[in-house]
Every structure is written in structure tokens, then in C-alpha cells.
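Student: Could you walk me through this protein model, a piece at a time? I'd like to see the reasoning behind each answer.

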Amino acid sequence: MDALRDLETLVAIVEEGSLTSAARRLGRSLQAVSRSLQVLERAHGTTLIVRTTRTSQPSAAGMRFYERVKGALTELELARTELAEEAHRLTGRLLINAPSLFGPQFIAPLAAEFLQRHPQLELSLDLSDAYRDPAETGADVTIRIGETPDSRLVARRIGTLRRVVFAAPAYLAEHGRPSHPRDLTRHDCVVRTGVPNPGRWVFASPEGNEIAVNVAGRFDSNQVAAVNAGVLGGMGIGIAAFWQIQEWVEAGRVEVLLPDFQLTPLPLHAMWAKMRRLPQRTRLLVDFLAVKLGTL
């Protein structure tokens with residue numbers, strides 16, 4: 001059980017971004033969390049978490065280990081839940097609210113798989129980019145990318161979304177390829193507006209140091225799809241969640257840049273209204289999504 005707790009501690013540190021926040025999430029002391037991390041690092045003979053005075057970021061080895069461990073731990077939790085629910089068939093209707101781009105690509109196929117496992121359930125998928133209060137929509141589960149917008153809700157992190165810097169080959173052929181984040185100040189960058197500090201991009205160096213650069217360009221937009229399309233069209237260098245541009249990368253239509261410098265991953269949350277006891281079908285759905293989504 002101690003080994004399992006150590007692995008749960010690593011997952012919490014990566015997802016929370018600091019040992020202090022991880023300790024708060026797990027209900028353990030800071031000393032106990034630090035001790036678990038030391039046990040893991042000694043056992044594997046490598047640094048898993050790079051500590052600074054402000055943050056705790058996973059090393060490259062730590063991120064690879066986290067991605068493996070996260071799925072295994074969530075799969076174990078799902079197995080326990082399904083075993084407990086075996087004697088009770090799930091019935092009723094579930095309503096999920098999800099972002100308009102992420103929902104069709106990821107939530108809809110998983111909803112179909114979930115319904116196959118539970119043939120007496122029904123499910124509706126409501127797509128919207130604007131946050132909508134579950135009390136008004138009646139949503140059982142609201143999926144949101146980024147920080148949770150409403151402290152009145154219960155939120156569970158069910159995954160992390162890798163972010164990358166990218167550009168079209170035509171732009172790179174004309175303007176050159178940056179080798180360091182600071183080089184971005186000499187490039188046209190396609191910025192998403194409507195978010196805090198839109199022109200300030202923050203990276204972590206291979207040593208774990210923070211590098212913040214202020215960028216600008218000739219084209220910007222408040223919509224993710226428009227920003228990505230602008231980069232694809234050669235308007236400059238952009239940032240995107242990797243899942244949004246993966247097909248373009250694989251087809252050679254865009255290239256990922258600065259792979260040694262990490263952008264903070266985006267948290268993926270499942271949220272629901274506070275209640276005395278979460279319905280079994282809702283709890284099992286959230287567990288299922290956490291297993292399947294993990295790290296994208």
C-alpha cells in the first residue's frame with residue numbers, strides 16, 4: 001500500500017504543480033509528500049520532479065513515468081468501482097456538457113463506448129464553449145479545459161492536455177526556426193485574445209527554470225480554431241493543445257518547435273454540482289472518462 005500511495009503522490013504533484021498543493025489535495029503533510037517523492041526517485045535512480053522556489057515541474061523522465069502511472073492508477077480505481085457496481089445495473093439518462101471542439105473528437109466516441117458497457121443507460125451530449133452553470137443546464141457532468149471557473153462545483157481533474165509551439169513549413173522556410181523561446185520576440189506570433197496575458201508565453205527550461213517572453217504578430221483571434229488556422233496558413237508561430245493539431249503534424253502540414261522547452265499542460269476537469277451522494281451512473285462515468293482521457 002505504501003508503494004501505491006507513493007505513486008498517487010507523484011500524480012498529485014505533477015497535476016497540482018507543487019508539493020504543497022499536492023499535500024493539500026491528498027490530505028497528507030508536506031513532509032510525508034516529500035518523503036514519498038524521495039522514495040520514488042531513489043528507487044528509480046533519477047530525478048522525477050524538478051523543484052524550484054516557485055513550482056515543482058516534472059522532468060522529461062518524470063513526465064513519461066507520470067503518463068504511465070496515471071493511467072494505471074485510474075484503471076485500478078475504475079476496476080474497483082465496476083466490481084462494486086456489478087450487482088446493480090445502471091439506468092436513467094446522463095447529460096454531459098463539453099467544449100465544441102473537444103466534445104465531438106473525444107467525448108462522443110467515449111460516450112458511445114460507455115453506453116455499450118451499460119445498455120440500460122441513455123446519454124445526451126450538449127456542446128458549448130462558454131461556461132454554463134449546471135444548475136441551469138441540468139448537466140450531470142460538465143467537461144472543461146483549464147482552471148475551474150466555479151468554486152461552487154465539485155471538480156475532478158481527469159486528464160492533462162499537452163501544449164506545443166508550432167508553425168507551418170512555409171513560414172519557417174521564409175523566417176527561420178527559433179531555437180530558444182526568446183527567439184520568438186523576433187517572429188510573428190499568432191496570439192489568442194480574450195484570455196489573461198494573451199501575449200505572454202511562459203516556458204520551463206530543461207533545468208526547470210521559468211522563461212517568460214512577450215510576443216506579438218500581425219494576426220490574432222479570440223477563437224482557438226481561427227488561431228490554429230492562421231498558423232496553418234503561414235501567418236506566424238502559435239501555441240495549441242497537441243490534440244488539436246496532431247493530424248496536421250502527422251501530415252507534415254505544421255511542425256512542432258522548441259521541444260526541449262515545456263509549456264504548462266492544460267488541466268482537463270469534470271465538474272458537477274455539490275450533493276450529498278453522487279449518483280452511481282455519474283460517478284462511474286467520471287471514472288471511465290478519467291481512465292480513457294489521461295494525458296493527451
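What follows is a set of questions and answers on this predicted model, covering its sheets, its salt bridges and some of its buried residues.

Student: Let's start with the sheet that contains β7. What is the order of its three strands?

Tutor: The edge strands here are β12 (238–241) and β13 (255–257), each of which pairs on one side only. The sheet is open and its pairing is antiparallel. From one strand to the next, the twist averages 55°. Put together, the order is β12-β7-β13.

Student: Which residue of β13 is the bridge partner of Phe166?

Tutor: Strand β7 covers residues 163–167, and three bridges join β7 to β13. Those two strands run antiparallel. Look across to β13 from Phe166 and the bridge partner is Val256.

Student: There's a helix lying across that sheet. At about what angle does α9 run to β12?

Tutor: Helix α9 takes in residues 242–250 and lies across β7, β12 and β13. Relative to β12, helix α9 runs at about 105°.

Student: Now the sheet with β9. Which residue in β10 is the bridge partner of Val202?

Tutor: This is another open sheet of three strands, ordered β10-β9-β14 with antiparallel pairing. Its edge strands are β10 (210–214) and β14 (262–263). Five bridges join β9 (residues 200–204) to β10. Among the β10 residues, the bridge partner of Val202 is Ala212.

Student: On to charges. How many residues apart are Lys292 and Glu113, which form a salt bridge?

Tutor: Side chains of opposite charge can pair when their charged atoms come close. In the Lys292–Glu113 salt bridge, the closest N and O atoms are 3.1 Å apart. Lys292 belongs to helix α10 (residues 280–293) and Glu113 to helix α5 (residues 102–117), so the pair links distant parts of the chain. Along the sequence, the two are 179 residues apart.

Student: Are Lys292 and Glu113 buried, partly exposed or exposed?

Tutor: Buried means under 20% relative accessible area and exposed means over 50%, with partly exposed in between. Lys292 has a relative accessible area of 35%, and Glu113 comes in at 26%. Both values sit between the cut-offs, so Lys292 and Glu113 count as partly exposed.

Student: Which residue forms a salt bridge with Arg177?

Tutor: Arg177 is in the loop between α7 (169–175) and β8 (191–192), and its partner is in strand β13, 78 residues apart. The closest N and O atoms of the pair are 2.6 Å apart. That partner counts as partly exposed, at 28% relative accessibility. The residue is Glu255.

Student: In the Arg186–Asp183 salt bridge, which residue is buried?

Tutor: The closest N and O atoms of this pair are 2.8 Å apart. Arg186 has 66% relative accessibility, so Arg186 counts as exposed. At 14%, the residue that counts as buried is Asp183.

Student: How many salt bridges does the structure hold?

Tutor: Besides the pairs we've been through, salt bridges that share partners join Glu15, Glu16, Arg25 and Lys70 into one network. For the structure, the count is ten.

Student: Let's turn to α2. Why do its buried residues line one face of the helix?

Tutor: The buried residues of α2 (residues 19–26) are Leu19, Ala22 and Ala23. An α-helix has 3.6 residues a turn, so residues three or four places apart point the same way. Seen down the axis of α2, the buried residues line one face because they fall within an arc of 100°.

Student: What do those buried residues pack against?

Tutor: Just after α2, Gly27 takes a positive phi of about 70°. As for the buried residues of α2, they pack against α1 (2–16), α3 (30–44) and β2 (56–58).

Student: Last one: what is the relative accessible area of Ile49?

Tutor: Ile49 lies in strand β1 (residues 49–51). Leaving aside neighbours within four places in sequence, its contacts include Leu10, Val14, Leu37 and Ser56. Ser56, in strand β2, is itself buried, with a relative accessible area of 6%. Ile49 is buried too, and its relative accessible area is 1%.

Conventions
Residues numbered from 1 in each chain as written. Predicted model: local features only at pLDDT ≥ 70, side-chain atom pairs only at ≥ 80, totals over all residues. Heavy atoms only, no water. Pairing = 2+ DSSP bridges. Helix = DSSP H or I, 4+ residues; strand = E, 2+ residues; numbered from the N terminus. Axes fitted to C-alpha atoms, helices over the stretch in contact; angles between N-to-C directions. Contact = heavy atoms within 4.5 Å. Salt bridge = Lys/Arg side-chain N within 4 Å of Asp/Glu carboxyl O. Buried < 20%, exposed > 50% of the residue type's maximum accessible area, 1.4 Å probe, protein only. Arc of directions from axis to C-beta.
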